[in-house]
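Student: I'd like a close look at one part of this model, the lining of its largest pocket. Please then place that part in the rest of the chain, with cut-offs for any terms you use.

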Amino acid sequence: MESKTSSRKVLLALAISLVIFQMASAGDPDILTDFVLPLEVPSVDPSYFTFSGLRGLIGAPPPEKFKATKASMAEFPALNGQSVSYAILQYPAGSVNPVHTHPRAAELLFLMSGTLQVGFIDTTNKFFNQTLQTGDVFVFPKGLVHFQYNADANNCAWAISAFGSANAGTVSVPNSVFNTSIPDKILAKSFKTDIITIQKLKAGLA
């Protein structure tokens, strides 16, 4: 009887481990068709596979602050099931793409013009940083906290980022921590500071 109980425990542990592994390694689900059509669209023509939302960036002046223009599943439904998406990143002089994560995909950044300081933190809290020159490519591993900063006080930087998911997701660390309903007392204890400091940080993000 004890042997059967032990076997069941082992099988249960293996089953739980398999589920955890599948959850941890899951990305976009595989599809069983060439592409996915919206339910209300019975058929499509080539225009369905064309996204023109980036045309307005060509020749446009740089924005006043950091701007990401996305071509993800939300903007481009044809990406559903294709495990890929895109973003054009514009960094005016001195601007930053604040620390954030993409929970469902790695990010491959190609710097088209200018220079960028980039970095990420791994799960051992080791900091990896690099100064990119025009033409460089940098990868931000999936789910890790990272940033990009244009330290040039005079020139704009442009980059293209590709993601291994049609919906990579973006979690802004400052907004997620300080612009949510987490009580100030909890934040103060977590950051080993006082409530007044927490409230000042929140006011700065408003």
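**The largest pocket and its surroundings**

Tutor: The lining of the largest pocket splits into 9 nonpolar, 10 polar and 3 charged residues. Here Ala, Val, Leu, Ile, Met, Phe, Trp, Tyr, Cys and Pro count as nonpolar, Asp, Glu, Lys and Arg as charged, and the others, Gly among them, as polar. Bear in mind that this is a predicted model: local features need pLDDT of at least 70 and side-chain atom pairs pLDDT 80 or more, while totals for chains, interfaces and linings use all residues. Numbering starts from 1 along each chain as its sequence is written, and side-chain values use heavy atoms, leaving out hydrogens and water.

Altogether, 22 residues line this pocket. Those nearest its centre are Phe66, Ala68, Lys70, Asn97 and Thr170, so start there if you're zooming in. The volume comes to about 440 Å³. (A pocket is an open set of points on a 1 Å grid over the protein atoms alone where a 1.4 Å probe fits, with protein on both sides within 12 Å along at least five of seven lines; lining residues have an atom within 4 Å of a point. Volume is the space filled by probe spheres on the points, joined across faces, edges and corners.) Three strands each bring at least two residues to the lining: E1 (67–71), E2 (85–91) and E3 (96–101).

Now zoom out to the chain. It holds 4 helices and 10 strands, as DSSP runs numbered from the N terminus (helices H or I, at least four residues; strands E, at least two). From the N terminus on, the order is α-β-β-β-β-β-β-β-β-β-β-α-α-α. Of the 206 residues in the chain, 28% are buried, meaning under 20% relative accessible area, with exposed over 50% and partly exposed in between (1.4 Å probe, protein chains only).

Follow the chain out of strand E3, one of the pocket's suppliers, and you reach Pro103, in the loop between E3 and E4. Pro103 counts as partly exposed because its relative accessible area is 37%. Its C-alpha lies 9.6 Å from that of Val145, with the two positions 42 residues apart in sequence.

Strand E4 (107–113) takes you to another surface feature, a nonpolar patch to which E4 and strand E7 (137–140) each give at least two residues. Leu108, Phe110, Met112, Val137 and Val139 make up this patch of about 410 Å², where E4 is the top contributor with 3 residues. (Patch residues have over 30% relative accessible area and no salt bridge, and nonpolar side chains are joined within 5 Å.) Met112 sits in E4 and is partly exposed, since its relative accessible area is 31%. Phe110, a patch member, is 24 residues from Thr134 in sequence and 8.3 Å from it in space, C-alpha to C-alpha. Thr134 is in the loop between E6 and E7, and at 47% relative accessibility it counts as partly exposed.

For backbone angles, look at two loops. Asn125 has a positive phi, near 70 degrees, without being a glycine. It lies between strand E5 (116–121) and strand E6 (127–132), and it counts as exposed because its relative accessibility is 66%. Lys192 isn't a glycine either, yet its phi is positive at about 55 degrees. This residue is in the loop between H3 and H4 and is exposed, at 77% relative accessibility.

Helices H3 and H4 also share a charged contact: Asp184 in H3 (residues 184–190) and Lys202 in H4 (residues 195–205) are 18 residues apart, a link between distant parts of the chain that follows from their salt bridge. Their closest N and O atoms are 2.4 Å apart. (A salt bridge puts a side-chain nitrogen of Lys or Arg within 4 Å of a carboxyl oxygen of Asp or Glu.) Searching the whole structure turns up 1 salt bridge. Asp184 counts as buried, because its relative accessibility is 19%.

Notes:
Patch = residues over 30% accessible without salt bridge, like charges linked within 9 Å, V, L, I, M, F, W, Y side chains within 5 Å. Areas by Shrake-Rupley, 256 points an atom, 1.4 Å probe, with all protein chains shown as cover.
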